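Reader: I'd enjoy a close look at one part of this model, the sheet and what packs and links around it. Could you walk me through that part in one connected answer?

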Amino acid sequence: MRFLLISRFCTYPSWQGSAQHIRTFAKLLLENNHKIKVISGEYVDKVENIMQDGYELIKVPITYYSSTSEKFCSVSYKNSDHSSLAKEIINQFGPDIVHIGVPAQMYGFIEVAKQKNIPTVAMVHSYEWVCMQKFLLNSDNKKCSGPNNDSCTRCITGYMSKKSRFYLFIYKLFKHIFSANYIIKKDKRFNIHQNVNNSLNRMVDARNDINLFIAQSEYSVKSLMDNGVNKKNIVRVNQWLSDDKLINYAKGYRANKKIIIGYVGRLSIEKGLNII
């Protein structure tokens, strides 16, 4: 079979879990005689083709956003170059399955796969399929009940620095006296409510374009179902660190001896913190 793997920052020395997932998956597919190609969103100026670990990897340019509002809302920004590149790569390679790791700024490839009726499978690494800042925590670090325009706008504004919030206030207060060119330039950054609305709509389209989600926790399954994904389109795959490993380990361990656990990762249920 032919697999097209799509994610971000899959080249060395990237160490993120999503990069390791793509590299491990690619190696496993190669070992089982499948044909693969990897598309990796990178901070590069132009498309680059390289060989990595025995497979072809294509670096495609994505945009670095420095401001908080632009960074969180970047899921709504379409890259027309990606759509034309996706058509070219998919037509040439002819994948049987498109596998998505990190979707942000890579939606053009998902759309083209959907248009060509190629099955799409997404690995859920975080809550980025339903939450623009990926963690389902609001700016007060409290658990978010789920996305909607007003609460997401408040959340993103809360994550902005005091300086940016001040600029936002001044911009809204005196917007009517700024030049048209200045307004067009700044609206993308400061028109947060509209950006949030565009991003949430874009995420709905992306979720609808995925045939199968692979989730690692019950809460991930619930968050997807709460946001319109049919349960039959989600499969739960346990993390390596599961309840039975800790329970069985504890049974054979002396009660008076401390258990030392090293933990590296994000402090979230998605990383198994509730089990620890």
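Author: Happy to! One place to begin is the pairing of Ile-6, which stands opposite Ile-100 in S5. That pair belongs to the parallel match between strand S1 (residues 2–8) and strand S5 (residues 97–100), which runs over 4 bridges. S1 also runs parallel to S2, and 7 bridges join these two strands. There, Leu-5 has Val-38 of S2 as its bridge partner. In a regular strand, side chains alternate between the two faces of the sheet.

Now step back to the whole sheet. Please keep in mind that this is a predicted model. The sheet is open and has 8 strands with mixed pairing, in the order S3-S4-S2-S1-S5-S6-S7-S8. The edges are held by strand S3 (48–52) and strand S8 (234–236); each has a single partner strand, so one side of each is left without a neighbour in the sheet. On average, neighbouring strands are turned by 20° against each other, direction ignored.

How many residues of S2 are buried? The count is 7 of its 8 residues, so S2 is largely enclosed by the rest of the structure. One residue to look at here is Lys-37, which forms a salt bridge with Glu-56, with the closest N and O atoms 2.4 Å apart. Lys-37 lies in strand S2 and Glu-56 in strand S4, so the pair ties together parts that are 19 residues apart in sequence. The two ends of this salt bridge have their own surroundings: Lys-37 is buried, with a relative accessible area of 9%, while Glu-56 counts as partly exposed at 23% relative accessibility. The cut-off behind these words is that buried means under 20% relative accessible area.

Next comes the helix that packs on the sheet. Helix H4 (residues 107–115) lies across S1, strand S2 (35–42), strand S4 (55–61), S5 and strand S6 (120–123), and runs at about 155° to S5. H4 carries a salt bridge of its own: Glu-111 pairs with Arg-202, the closest N and O atoms being 2.7 Å apart. This pair links distant parts of the chain, since Glu-111 sits in helix H4 and Arg-202 in helix H8 (residues 192–209), 91 residues apart. Glu-111 and Arg-202 are both buried.

For a contrast in sequence spacing, look at Asp-226, which forms a salt bridge with Lys-222, again with the closest N and O atoms 2.7 Å apart. These two residues are 4 apart in helix H9 (residues 218–226), so about one helical turn separates them. Lys-222 is partly exposed, with a relative accessible area of 45%. A search of the whole structure finds 5 salt bridges, the three described here among them.

Finally, some context for your own calculations. The chain has 10 helices and 8 strands, and buried residues make up 45% of its 276 residues. Of the contacts between residues at least 6 apart in sequence, 59% join residues at least 24 apart. The accessible surface of the chain comes to about 15800 Å², with 52% of it belonging to carbon and sulfur atoms. As for confidence, the chain averages a pLDDT of 80, and 70% of the residues score at least 70. Among the elements of the chain, S5 has the highest mean pLDDT (96), and helix H7 (residues 180–190) has the lowest (52).

Conventions: Residues are numbered from 1 along each chain as its sequence is written. Side-chain values use heavy atoms; hydrogens and water are left out. Two strands pair if DSSP finds at least two bridges between them. Axes are lines fitted to C-alpha atoms, for helices over the stretch in contact, and angles run from 0 to 180 degrees between N-to-C directions. Contact means heavy atoms within 4.5 Å. pLDDT is the predictor's confidence in each residue, from 0 to 100. A salt bridge is a side-chain nitrogen of Lys or Arg within 4 Å of a carboxyl oxygen of Asp or Glu. Buried means under 20% relative accessible area, exposed over 50%, partly exposed in between (1.4 Å probe, protein chains only). Accessible areas come from the Shrake-Rupley method with a 1.4 Å probe; for residues, only the protein chains shown count as cover.
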